[in-house]
Structures are given as structure tokens and as C-alpha cells.
Amino acid sequence: MFEGQRAVGVECIQYKGVPATISAGEVILCGGAINTPQLLQLSGVGPANVLQPLGVPMVADLPGVGANLQDHLEVYVQYACREPVAVNPHIGWLRKLGVGAQWLFLRSGIGATNHFEGGGFCRSNDDVDYPNLMFHFLPMAIRYDGTAPTQGPGYQVHVGPMYSDARGSVQIRSSDPRQPPALQFNYLSTDQDRREWVEAIRVARRILNQPAMAEFNGGEISPGPDVDSDAEILDWVRRDAETALHPTCTAKMGTGPDAVLDPDSMRVHGLDGLRVVDASAFPYVPNGNTYAPTMMVAEKSADLILGNTPLPAATTPFFRLRDGSPLYPPGDPRNSSGASS
């Protein structure tokens, strides 16, 4: 709810559909990279060309709300395992009960780990000066939701490019808050993204076919040896890839025309009494998992909101692959930010 350009509270629906109004001196929105732009747009904060046709009363025309959507896409490269060391035999219902009981009462066994102990980052080509691929190794061949396990022991790596230049959007389709917004991620929509996806699969195969894996290597299951050309790899990625659940950047902080948040306060530009503190505030998707960066944004934002005196700025050198090489792709404005950390 707004009085002029100031947020003064929220309207919501409570238990059993009872409406309620909650007044507040300030509203801090922490809905995440999908729900935050959705609620801002429903409240009249967002691109006018999206909100006006839906009959949403305008409070602030901010084109960046819901724009700049970024995410990490990944696939499973799966291999059969020649040795009986994979986790697959433990996924039957009777075995699951035993695994659960062993963890619950003894805090041991395969239920005491999430099995992603192995992972790493690497470069997919010599044109990038940062690790742009991330790998997770799982001693089982199965999908995230537990479906489609391989017949017999297997293992897999989860891989995908970490810094795609694809950009998507979150846009409401109705003024009804019960209607989910339209999500457009635009995966594989750029030359860079397609190139790095082909490279990602080839690098994963190179790693999994090293001599150190020979005693376990029972052959590739997915995508399989028939998927070899660039076009075949991209077609498989389009069919098989899943989100890594890292949506970000839809209410980015900054000072440009498409920025939504003031980075010195986390307030929505042009409005009073309204801040955003979640992963939608990122200008760029992190080159890795998003959990720790989101915690960092929350900690820093808490200090800004409380008015705590910040620590002195620190300048420290960061890793560069070659002397004078940019840390990010050519043309990325972050290359001009120096070595401040």
C-alpha cells in the first residue's frame, strides 16, 4: 500500500481467505527473484507498458522491475559404474527405511551426507579468464526429483555455464495476485551461451574418461555416444536441462536507467519506505552457487537498515589468469571496477 510515493504497509489474505491490512513504517520485501518483482508489479511499481494494460494503478514506472532475469542451467552427464560402489542400490523403499533409521539413531551411513562432496570449477575455453563452468559429482545416476534412476550402479556430474549472457524476464499476467507471473529465461538464446554449453559437455566427458576413472567407467548413459556434434549436444541440452534454481537479478541494485535499488540503502529508486533484500538485488548472477552471496546481501542490508558504521573499505588483489587480462568477458563493466573488494 502506498500513500503517494511512500509505502505504508501491505494488504494480504489470511487464514481461510480473510483479508487483512497491516500498516508499517517501512516495508522490507524479501520475496526472491520471482515473487519480489511480481509483488512490486502488482503494487504498481514496474514497467508501465506491462502494468497499464492490466489495469494496475501506476505508482512508479521502473522498467527494470522483472527485467534482467538470470539463472544457472545444468544437465546430468551420466555413466554406468563397473564397480558396486554407487548409491543406486540404496534407493529402494526397504533400503531407504534402513538408511533413514541409521542416520536418525546413529547419525551415520549414506544418509549422513548429501553426496555432493566432489565438485569444482574450470574454464571451458582459452578466451575466458575465469572459471566459467561448475561441476558437482554425485555417486549415483538419478534426476534431482528422484526419478529416472539408472538400472544398476551409476554416477554423474552436474555441469553448466556459470556466466551466461542470456537475459530473461518476470512479468505479471493479471492484477490477481493468485495468478503466477510469466517467466521467460531465454536459455540458449545467445552465441556465447550456446558455445559454452557445447564446451561444457565436452569438458565433462574429458574429465569422466580420464585414466583415473577407468576402473569405474562402464560407459556413458546420458546423453550417450550418439550425441556428438554441436547441434546434437544443443538439442539434447534443450530437451534435458533443468534449472539449478538460481534465479536472480530481477530488481537489480545500481544507478543506471534499468536499476531498481539504491545500493547505498537497498531502497527502491524514487520511493520511500520500501526496500528489497534478496537475490533479485544482484546486478549479475554469481559465478557459482547463490546461497552465500544472498546471505552476504542480507548481512550488509541489515547493517544499512540499522545504520551501523561499515568497516573501512578494503582493497585487495584478486586472481588473474594472465597479467593484465580482464576478470570478466570483454565489454563487461565490472572490468573497470578495479581491485576493490
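This passage describes the fold, one helix, the enclosed spaces and several loop residues of a predicted model.

The protein chain averages a pLDDT of 91, and 93% of its residues score at least 70. An exception is found at residues 337–341, over which pLDDT stays under 50 and for which the model has eight contacts beyond four places in sequence. Where pLDDT is low, the predicted coordinates should not be read in detail. In secondary structure, the protein chain holds six helices together with 16 strands. Its C-alpha atoms, taken along the principal axes, fill a box of roughly 70 × 60 × 45 Å. Of the 341 residues in the protein chain, 41% are buried. When contacts between residues at least 6 apart in sequence are considered, 65% of them join residues that are at least 24 apart.

Helix α4 comprises the 18 residues from 191 to 208. Because a span of 26 Å is expected for this helix at 1.5 Å a residue, the distance of 26 Å between its end C-alpha atoms agrees with the expectation. The buried residues of α4 include D193, E196, W197, V198 and E199, and to these are added A200, I201, V203, A204, R205 and L208. The packing partners of these buried residues include the strands β8 (73–81), β9 (118–122), β10 (133–138), β11 (154–161) and β14 (217–222), as well as the helix α5 (230–240).

Two residues of α4, D193 and W197, are buried and are also among the residues that line the largest cavity. The structure holds one cavity of 30 Å³ or more, and about 100 Å³ of space lies in the largest cavity. Its lining includes the residues L69, Q70, D71, H72 and L73, and it is further made up of P161, S164, A166, F185 and Y187, along with D193 and W197. Sorted by class, this lining has seven nonpolar residues, three polar residues and two charged residues.

The second largest pocket has a volume of about 630 Å³. It is lined by 20 residues, of which V10, E11, C12, L39 and S43 are the closest to its centre. At least two residues of the lining are supplied by each of β3 (9–13), β4 (19–23), β5 (27–29) and α1 (32–42), and the largest share, five residues, comes from β3. In terms of class, the lining of the second largest pocket has 15 nonpolar, three polar and two charged residues.

Several loop residues have backbone features that can be described individually. A cis peptide bond, with omega of about 5 degrees, joins S222 and P223, and P223 is situated in the loop between β14 and α5. Although H115 is not a glycine, it has a positive phi of about 70 degrees; this residue lies in the loop between α3 (93–106) and β9. H115 counts as buried because its relative accessibility is 14%, under the cut-off of 20%. L245 is likewise not a glycine and has a positive phi of about 65 degrees, and its place is in the loop between β15 (242–243) and β16 (274–276). With a relative accessibility of 65%, which is over 50%, L245 therefore counts as exposed.

The loop between α3 and β9 also contains N114, and this residue counts as exposed because its relative accessibility is 56%. Along the chain, N114 and A259 are 145 residues apart, and their C-alpha atoms are separated by 38 Å. A further loop, between β10 and β11, contains T150, which at 14% relative accessibility counts as buried. When neighbours within four places in sequence are left aside, T150 is in contact with Q78, N88, A141 and I221. The C-alpha atoms of T150 and C249 are 36 Å apart in space, and the two residues are 99 residues apart in sequence.

Note on methods
Residues numbered from 1 in each chain as written. Predicted model: local features only at pLDDT ≥ 70, side-chain atom pairs only at ≥ 80, totals over all residues. Heavy atoms only, no water. Helix = DSSP H or I, 4+ residues; strand = E, 2+ residues; numbered from the N terminus. Expected span 1.5 Å × (residues − 1). Buried < 20%, exposed > 50% of the residue type's maximum accessible area, 1.4 Å probe, protein only. Contact = heavy atoms within 4.5 Å. 1 Å grid on protein atoms, 1.4 Å probe; cavity = no way out; pocket = protein on both sides within 12 Å on 5 of 7 lines; lining within 4 Å. Points joined across faces, edges and corners; volume = space filled by probe spheres on them. Nonpolar A, V, L, I, M, F, W, Y, C, P; charged D, E, K, R; others polar. pLDDT = per-residue confidence, 0-100.
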